[in-house]
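Let's go through this one by asking why each label fits. Here are the sequence and the structure.

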Amino acid sequence: MRINIAAFIAGGSLLLFLPAVPEYWAWLCIASTFISLVGVYINYSVIQNRYASSVLLVVCCFTLGFSWNAHYAQSRLAHILPTEYEGKDLILEGRVNALPQSSPSGAKFSFGVDKAFLGKERIESFPPQVYLSWQPAWRNPQDVPEVIPGQRWEFKVKIKRPYGSLNPYTFDFERWSFHQDFGASGSVRSGILITEKDIRFTEFALAMEYQRWKLRQKIQRLLPKDARYGGVIAALVMGDQNAIDQEDWRVFNATGIGHLISISGLHVTMLAGFGAMLASFLWRRNTLPLLIPVSKVAAAVGFLTAFVYAWLAGFQIPAQRTMYMVGVVAFALWSGRNPRPFDIWWWALAFVLLIDPMAPYTPGFWLSFGAVAAILYAMQESDGLLGLPTGRELELDWQHRVTQALREACRVQAVVTIALLPLTLYWFYQVSVASPLANAVAIPVVSYIVTPLAIAGALLPDFIGKWLLIPAHATMDYLAIMLTWMASWKWAIAWSSQPAWWAVALSTIGIAITIRPGSIRESWPSRVIGLVLCATLFIQPLSNSSLAKGEFRAIVLDIGQGTAVLIETKTKRLLYDAGPIQGKDNAGQRIILPYLRGQGISHVDRMVISHSDSDHIGGAASLLKEISFDSMMGSLPSTNPLLVNLEERGVSAIPCRFGQQWAWDGVEFHVWHPNELTVFEDQHPRKPNEGSCVLEVRNQSTSFWLTGDVEKQGEAEIVERLTQDALNGLKDRALIFMAPHHGSKTSSSQELLTALSPDEAFAQNGYRNRYGHPHPTVTARYEGMDIPFYQTPATGAQVWEFPVKSDPQERKPLFWRQHSKRLWHRKSQ
């Protein structure tokens, strides 16, 4: 059974690694399944080989897994918005069908579309579900009305196909949209509420979303308005983590208790156990047990309770996993079976992946199933498996289970911490050293005080619930004081990088040796060896070790409408610009920092800020909090807050000026603009774009130009500086050129392009950005000069390698959208 389930999962997983769904998958799968089943029948009737049938059934399950996921993928891909409707004003009528993310600045929500119109013409083929953002109009602030699940609206929207920046180690919006079955995303221009509540009796999922909204409103209403951890209480009750402040997440992750600030399996088990206990108490009355045994009724009610709460909690992976495990135990009890713990785990795994094939792309899937598998393996038949529905809880009284759980709590914590090391590093690139101590306090406080009080307070009437939610919040408040103190310890976090495959393989062997069941005292030498194998996870990848002296690498990040380029030499790193900022969201936190963490980079030698526009400086403050810099060079006014920030951190700052140059590892850096008299002035004599810091990175084979937002006036000054001697210095070198100002029509002048004659060019710009960058005339100018022009919306991140000696035919950049292509990604253009 386990092998067949594994084969089904493997077949389905194979599809998710392909760049597209195979064209004739259905016929191939039907043929393979038919041949396998016929082979099983022939073997059973004639040949009777004991292994042949098993192999053929494995092939059949593998094929069924592949065909199931192919059907899943094809149905979602069929819902993608046709390109002819991108960027056009449409009228959509439908309902809000999920709990929205609400904030003072607007709302983001899932919208089920019933009707779509372009003008007065109805669109027949339109995605049934889209993801919308509704924010106050720019320069005309207004309150966005509250969006509630079940409301029917008519919206005027502008939408586009699912698109997101594509970089290594960062959030993949296109994958998330595919997972959520969003055929398009966009913004609301205006809306008319048609019906306040439109939920039919049979629409269970939508009804649960409405109840989740009511719970969130109740929690917000009963807690004080200044309740700092109201978002945490909502997360513990119903899995809604959107209201938790990013600074609080930093503390929770630094102390390793982030897993508690969500709906965990323990929460579901606790409520399922309460439901089973209540049912058992009521069913024992009179002669009811003669009709159905008490244990069966308790198991059925426990599963029903877990089912309802899992939906109320947003059907998160840990809640699903526990619900299915409770269900398997209940089914086994009703059918008179005695399941083994790992069989229950395998069936829960199969059900999760059957319903949600994309679940493995979420950290919660791996952390939840990984933790349970580790505990089942390490603890074996231990009675201390409190919170894991294995069937043994039906054989032991409650007091005995609690005693055993407390006695073995330390071992369980150690097992989970060690077992999840590879997964934690793979997803988050860090390990909390303070985690064991923090969890020793936080697990009992959150699990047995805060969560029960919060759930009871949310479910009971207001006059009772208020006096339960307030102490729940107060307890969390006091706990957070301790956690904040722990997070401030310098050694609280051990940063690493995303581990290599060989390190994961070795550490898995080491984990199996270290946490295996049995006496620790008798087997400690081999367990120490296992821990040594786990330590390979912390071997830092030497990301620029492949670079020899005189070579460099440029990583042009897909940053949206902004700029961020990382330059690496053999021993040094330079970051040119820090990407855009939009409200609280900035590219430094969202894209640049995850990339640096994934690569194991915690130090950058120099930050260059081309100028003060928000799409170039926006992520700098976030990066300074997490990454150490030796110096900063830039074109900024003296009043810019970044200069104050740098001074407070002791980072030297120098103005960017023509004539500056330095060399790292045989690679030369030359500043071409602004003029040599530039300082950090209070008032610039011209707009910031024209003062952009223009930097050339050069080795023996290549000249790589970073131009910021310099426009025609600045470009004219650069042309004047390109004397014959300067041009001779560029001779015989391939020239890679960043299109200035993202390819605007006020830049990339013919004079500059003629003077430099680039071999290739690139632009960092946002997909369908409101500025229309790059401008068609500029694109045509590059095409007219036979200069290949690569734009990040089409390529994703670009990785350029520049050896000392370069053959133009071999100089091909790595485009991340092609390199990591999966079936849910837009085609590169």
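Q: Before anything else, what makes the span of helix α12 (residues 341–355) close to the expected one?
A: Keep in mind that this is a predicted model. Helix α12 has 15 residues and reaches 22 Å from its first C-alpha to its last. At 1.5 Å a residue, 21 Å is expected, so the two values are close.

Q: Which residues of α12 are buried?
A: They are Pro 341, Asp 343, Ile 344, Trp 345, Trp 346, Ala 348, Leu 349, Ala 350, Val 352 and Leu 353. What covers them includes α1 (2–16), α11 (317–334) and α13 (363–379).

Q: Okay, on to rings. How many aromatic pairs does the structure hold?
A: It holds 47 of them. One of these is formed by Tyr 782 and Phe 789.

Q: Why is the pair of Tyr 782 and Phe 789 called stacked?
A: Two numbers do the job here: a pair of aromatic rings is described by the distance of the centres and the angle of the planes. For Tyr 782 and Phe 789 the centres are 4.5 Å apart, and 6.5 Å is the limit, so they pair. The planes are 15 degrees apart, which is under 30, so the pair counts as stacked.

Q: How do you know whether Tyr 782 and Phe 789 are buried or exposed?
A: Buried means under 20% relative accessible area. Tyr 782 has 0%, so it is buried. Phe 789 has 15%, so it counts as buried too.

Q: What makes the pair of Tyr 790 and Trp 800 tilted?
A: The centres of Tyr 790 and Trp 800 are 5.9 Å apart, within 6.5 Å, so the rings pair. The angle between the planes is 55 degrees. Stacked needs under 30 and edge-to-face needs over 60, so this pair is tilted.

Q: Where do Tyr 790 and Trp 800 sit in the chain?
A: Tyr 790 is in strand β24 (residues 789–791) and Trp 800 is in strand β25 (residues 798–802), ten residues apart. Both are buried. Ring pairs also link them into a cluster with Phe 552, Phe 704, Phe 762, Phe 802 and Phe 815.

Q: Why does Arg 597 fit the idea of a charge over the face of Trp 495?
A: Arg 597 is 3.5 Å from the ring centre, and the limit is 6 Å, so the distance fits. Arg 721 lies over the face of Phe 658 in this way as well, at 4.8 Å from the ring centre.

Q: What makes β17 (652–655) and β26 (814–815) edge strands?
A: Each of them pairs on one side only. They belong to an open sheet of eight strands, in the order β17-β16-β15-β12-β11-β10-β25-β26, with mixed pairing.

Q: How do you know that β16 (residues 628–634) pairs with β17?
A: Four bridges join them, and a pair needs at least two, so they pair. The two strands run parallel, with Met 633 standing opposite Ile 654 in β17.

Q: Why is strand β22 (residues 734–738) called mostly covered?
A: Five of its five residues are buried. Ala 734, Ile 736 and Met 738 are on one side, with Leu 735 and Phe 737 on the other. In a regular strand the side chains alternate between the two faces of the sheet.

Q: Which strands does β22 run parallel to?
A: Four bridges join β21 (residues 702–706) to β22, and three join β22 to β23 (residues 760–763). Thr 702 has Ala 734 as its bridge partner in β22, while Met 738 has Phe 762 in β23.

Conventions: Residues numbered from 1 in each chain as written. Predicted model: local features only at pLDDT ≥ 70, side-chain atom pairs only at ≥ 80, totals over all residues. Heavy atoms only, no water. Phe/Tyr/Trp six-rings, centres within 6.5 Å; stacked < 30°, edge-to-face > 60°. Buried < 20%, exposed > 50% of the residue type's maximum accessible area, 1.4 Å probe, protein only. Lys NZ or Arg CZ within 6 Å of the ring centre and 35° of its normal. Contact = heavy atoms within 4.5 Å.
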